[in-house]
Amino acid sequence: VAQWMLQKPFATSYIGCVGRDEFGQQLERQATKDGVRVRFLVDENEPTGKCACLITEKVHRSLVAYLRAANHYKVEHLVMPENWALVEAAKVCYISGFFLTVSVDSIIKVAQHCAETNKVFTMNLSAEFIPADHKERLETVLPYVDILFGNEKEAESLSKSFGYGTTDLKEIARRIASSPKVNDRRKRVVIITQGPGPVILFNEGVITEHPIIPIAPE
């Protein structure tokens with residue numbers, strides 16, 4: 001999405017893990033065709049991960065992930081000079097919350113670099129089970145996060161896991177934004193989506209709501 005928005009070939013880079021198979025090759029070909037620079041760790045023992053998507057009634061989506069190689073990324077690949085050079089060249093670094101289940105060492109390595117160089121480090125919560133089942137890992141990484149994204153269910157899950165004692169999304173956004181932060185040169189921005197409802201934004205100590213742009217189901 002970032003590459004599509006920027007409309008500049010190879011303005012973005014993606015690092016991850018695939019298997020040595022046709023699906024991994026297909027992923028690299030398509031990403032490269034779309035202008036995304038990829039640097040994959042190729043796992044010799046696991047197949048490339050896949051995800052089945054079921055859409056019913058044009059609006060309801062269910063995902064079934066078959067992670068395999070995606071679960072085997074190693075920080076040793078990240079710090080290889082040709083790969084770390086991409087991190088050093090980046091202005092904004094984004095890591096999915098799902099990656100908390102894979103390699104916290106890799107996340108911290110990138111996050112520390114961003115904090116030291118005052119780059120933007122951003123993450124999304126990804127799913128309700130991330131704050132519910134991986135609280136300790138999220139607590140380790142959250143102090144580095146400059147921009148945090150999540151939907152209403154994920155935010156409520158974080159509130160419950162972190163003991164905020166509220167389901168008020170605006171208060172949850174405020175509490176997240178106010179939690180300890182490593183890089184105090186940037187104030188944390190929190191964005192909570194609500195499907196067809198307005199997006200809640202906490203920025204510079206101010207809560208605002210922003211209506212979404214409706215899209216026809218078809």
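This is a conversation about how some features of a predicted model get their names.

Trainee: Let me begin with helices α4 and α5. Why are α4 and α5 called oblique to each other?

Mentor: Helix α4 (residues 81-89) and helix α5 (residues 104-117) pack at an angle of about 40°. Angles under 35 degrees count as roughly parallel and 65 to 115 as roughly perpendicular, with the rest, short of over 145, as oblique. The α4 and α5 pair is therefore oblique. Their axes are 10 Å apart, and α4 passes α5 in a right-handed crossing.

Trainee: Which residues make that contact?

Mentor: From α4 come Trp84, Val87 and Glu88, and from α5 come Lys109, Val110 and His113. Sorted by class, the residues of this contact are three nonpolar, one polar and two charged.

Trainee: Happy with that one. What makes α8 and α9 oblique to each other?

Mentor: Helix α8 (residues 152-162) and helix α9 (residues 169-178) pack at about 60°. Roughly perpendicular runs from 65 to 115 degrees, and roughly parallel is under 35. The angle for α8 and α9 falls in neither range, so oblique is the word. The axes of α8 and α9 lie 10 Å apart, and α8 passes α9 in a left-handed crossing.

Trainee: What meets what there, α8 against α9?

Mentor: On the α8 side you will find Glu152, Ala155, Glu156, Leu158 and Ser159, facing Leu169, Ile172 and Ile176 in α9. That contact has five nonpolar, one polar and two charged residues.

Trainee: Now the aromatic rings. How do you know that tyrosine 14 and phenylalanine 40 form a pair that is edge-to-face?

Mentor: Two values settle it. The rings are 6.1 Å centre to centre, and a pair needs centres within 6.5 Å. The planes are 75° apart, and over 60 degrees counts as edge-to-face. The structure holds four aromatic pairs, by the way.

Trainee: What does the pair of tyrosine 14 and phenylalanine 40 tie together?

Mentor: Tyrosine 14 lies in strand β1 (residues 12-19) and phenylalanine 40 in strand β2 (residues 36-43), so the pair ties together parts that are 26 residues apart in sequence.

Trainee: On to the open sheet. Why do β5 and β10 stand at the edges?

Mentor: The six strands run in the order β5-β6-β7-β8-β9-β10, with mixed pairing. Strands β5 (92-96) and β10 (206-210) each have a single partner strand, so one side of each is left without a neighbour in the sheet. The twist averages 15° from one strand to the next.

Trainee: And how do you know that β8 and β9 pair?

Mentor: Pairing takes at least two bridges, and β8 (residues 189-194) and β9 (residues 197-203) have four, in the antiparallel sense. Isoleucine 191 stands opposite leucine 201 in β9.

Note on methods. Residues numbered from 1 in each chain as written. Predicted model: local features only at pLDDT ≥ 70, side-chain atom pairs only at ≥ 80, totals over all residues. Heavy atoms only, no water. Axes fitted to C-alpha atoms, helices over the stretch in contact; angles between N-to-C directions. Helix = DSSP H or I, 4+ residues; strand = E, 2+ residues; numbered from the N terminus. Left-handed = near helix turned anticlockwise from the far one by under 90°. Contact = heavy atoms within 4.5 Å. Nonpolar A, V, L, I, M, F, W, Y, C, P; charged D, E, K, R; others polar. Phe/Tyr/Trp six-rings, centres within 6.5 Å; stacked < 30°, edge-to-face > 60°.
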